[in-house]
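Me: I am new to this structure. Please take one part, the contact with DNA, and go through it closely.

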Protein chains: 2
Amino acid sequence: MKSTRNTTAKSAIQLLLQQSSVALSHKDIQNEVGKLCNRVTIYRILDRLVEEGEIHKIINTDGVIKYAPCNQCESHPNHNHDHVHFSCVKCDTVTCLDNVQPSYNLPPDYKVQEVNFTLSGICPNCIK
Amino acid sequence: MKSTRNTTAKSAIQLLLQQSSVALSHKDIQNEVGKLCNRVTIYRILDRLVEEGEIHKIINTDGVIKYAPCNQCESHPNHNHDHVHFSCVKCDTVTCLDNVQPSYNLPPDYKVQEVNFTLSGICPNCIK
DNA sequence: TAGGAAATGCAACTGAATTGCATTAGTTTT
DNA sequence: AAAACTAATGCAATTCAGTTGCATTTCCTA
């Protein structure tokens, strides 16, 4: 059986994501961890964390992939990620709005597995 | 003043999109038009069509960019693209659900400019 | 139909992401 | 505590999507 290990790089990246108020891209993380580990390793660690359900992937409206921790995963074992993300065009940050759940009425015969809902505009920090 | 011209390649691509029931990626279009025009030209034509408001861009959940015509643009001059897109994981097609408009309750001080709402799962064609 | 500008083709370039493989470092077992 | 197993890492090379510069072509209009 395949196991997963706790390495220093993995722990550092996981902590980084948990302490960040916004979602981080691969490049953000690379800038932050510096020479702690290789560029390629960051890709692989992020894949692993997604696989393990520790973080989730967000595709921003500009196509850039960002990552954020799954805040509600502990409390909800069968968690889904159907909350709203907000992408600020001014400060270029992506935030998880964990409490905002969108509603919609689909035609019959569509079976939804995942939801990806991103709003873009001006965030409260930038609107002032 | 800058004008825009109707070239054979542009017309062909526009027709292709209008006649397609699903959104098309750059690669889809390239396969379809064959040697009619260059790879780079397709990129530039798609940019132009988006600019002109003839088509809109959809970022799929896997990060692939797809394009679809703006069906309601003629009737709604100040149209927005806040309808739902459905991405089928089985047949890998993206469809515009023009009539499905999501609703959500944002915290105050968020100013929304654009909406990007993509559901993924199994489409009616594949569920049978 | 002639002139000016938009559009195209081609080649080169950029940057993000992936792959293969040798090496390193967690984890488990004795 | 040392050995052994294998996940994880680093590095170099590669792939792929998308962009840019520039010479040439094609469209439009005056």
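Reply: Start with a term. A helix here is a DSSP run of H or I at least four residues long, and helices are numbered from the N terminus. The model is predicted.

Take DNA strand C. Around DNA strand C there are 22 residues. The nearest are Tyr43(A), Thr7(B), Asn38(B), Thr41(B) and Arg48(B). Which elements each supply at least two residues of the surface near DNA strand C? They are α3 of chain A and α3 of chain B. α3(B) gives the most, with 6 residues.

Now the polar contacts of DNA strand C. In Thr7(B), a side-chain N or O atom is 2.7 Å from a phosphate oxygen of DNA strand C. Asn38(B) uses its backbone instead: a backbone N or O atom lies 2.6 Å from a phosphate oxygen of that strand. Arg48(B) has a side-chain N or O atom 2.4 Å from a phosphate oxygen of DNA strand C.

The strand atoms tell their own part. Among the atoms of DNA strand C within 4 Å of the protein, 55% belong to sugar or phosphate, and the rest belong to bases. The surface near DNA strand C counts 7 nonpolar, 6 polar and 9 charged residues.

Turn to DNA strand D. It is surrounded by 20 residues. Closest are Arg5(A), Thr7(A), Asn38(A), Thr41(A) and Arg48(A). Arg5(A) reaches a base: a polar side-chain atom lies 2.8 Å from a base oxygen of DNA strand D. Thr41(A) meets the backbone of the DNA, with a polar side-chain atom 2.5 Å from a phosphate oxygen of DNA strand D. Chain B takes part too. In Lys27(B), a side-chain N or O atom is 3.1 Å from a phosphate oxygen of DNA strand D. Two elements give two or more residues to the surface near DNA strand D: α3 (39-51) of chain A and α3 (39-51) of chain B. The largest share, 5 residues, comes from α3(A).

For DNA strand D, 60% of the atoms within 4 Å of the protein are sugar or phosphate, and the rest are base atoms. By class, the surface near DNA strand D has 7 nonpolar, 6 polar and 7 charged residues.

What lies against α3(B)? Helix α1 (residues 8-19) of chain B does: the axes of α1(B) and α3(B) come within 10 Å and cross at roughly 65°. These two helices are therefore roughly perpendicular to each other. The crossing of α1(B) past α3(B) is right-handed. From α1(B), the contact takes Ala9(B), Lys10(B), Ile13(B), Gln14(B) and Leu17(B). From α3(B), it takes Ile42(B), Ile45(B), Leu46(B), Arg48(B) and Leu49(B). The contact residues divide into 7 nonpolar, 1 polar and 2 charged. Arg48(B) thus appears in two places: it is in this helix contact, and it is among the residues nearest to DNA strand C.

One more helix pair, in chain A. Helix α1 (residues 8-19) and helix α2 (residues 26-33) of chain A pack at about 115°, with axes 11 Å apart. That makes α1(A) roughly perpendicular to α2(A). Here too, the crossing is right-handed. Ile13(A), Leu16(A) and Leu17(A) of α1(A) meet Ile29(A), Glu32(A) and Val33(A) of α2(A). By class, this contact has 5 nonpolar, no polar and 1 charged residues.

Technical notes: Residues are numbered from 1 along each chain as its sequence is written. Chains are lettered from A and ligands numbered from 1 in the order in which they are written. This is a predicted model: local features need pLDDT of at least 70, side-chain atom pairs count only at pLDDT 80 or more; totals for chains, interfaces and linings use all residues. Side-chain values use heavy atoms; hydrogens and water are left out. Axes are lines fitted to C-alpha atoms, for helices over the stretch in contact, and angles run from 0 to 180 degrees between N-to-C directions. Angles under 35 degrees count as roughly parallel, over 145 as roughly antiparallel, 65 to 115 as roughly perpendicular and the rest as oblique. A crossing is left-handed if the near helix is turned anticlockwise from the far one by less than a right angle, and right-handed if clockwise. Contact means heavy atoms within 4.5 Å. Ala, Val, Leu, Ile, Met, Phe, Trp, Tyr, Cys and Pro count as nonpolar, Asp, Glu, Lys and Arg as charged, and the others, Gly among them, as polar. A residue is near a molecule or strand if one of its heavy atoms lies within 4 Å of it. A polar contact is a pair of N or O atoms within 3.5 Å; within protein, one must be able to donate a hydrogen and the other to accept it, and residues adjacent in sequence count only if both atoms are side-chain atoms.
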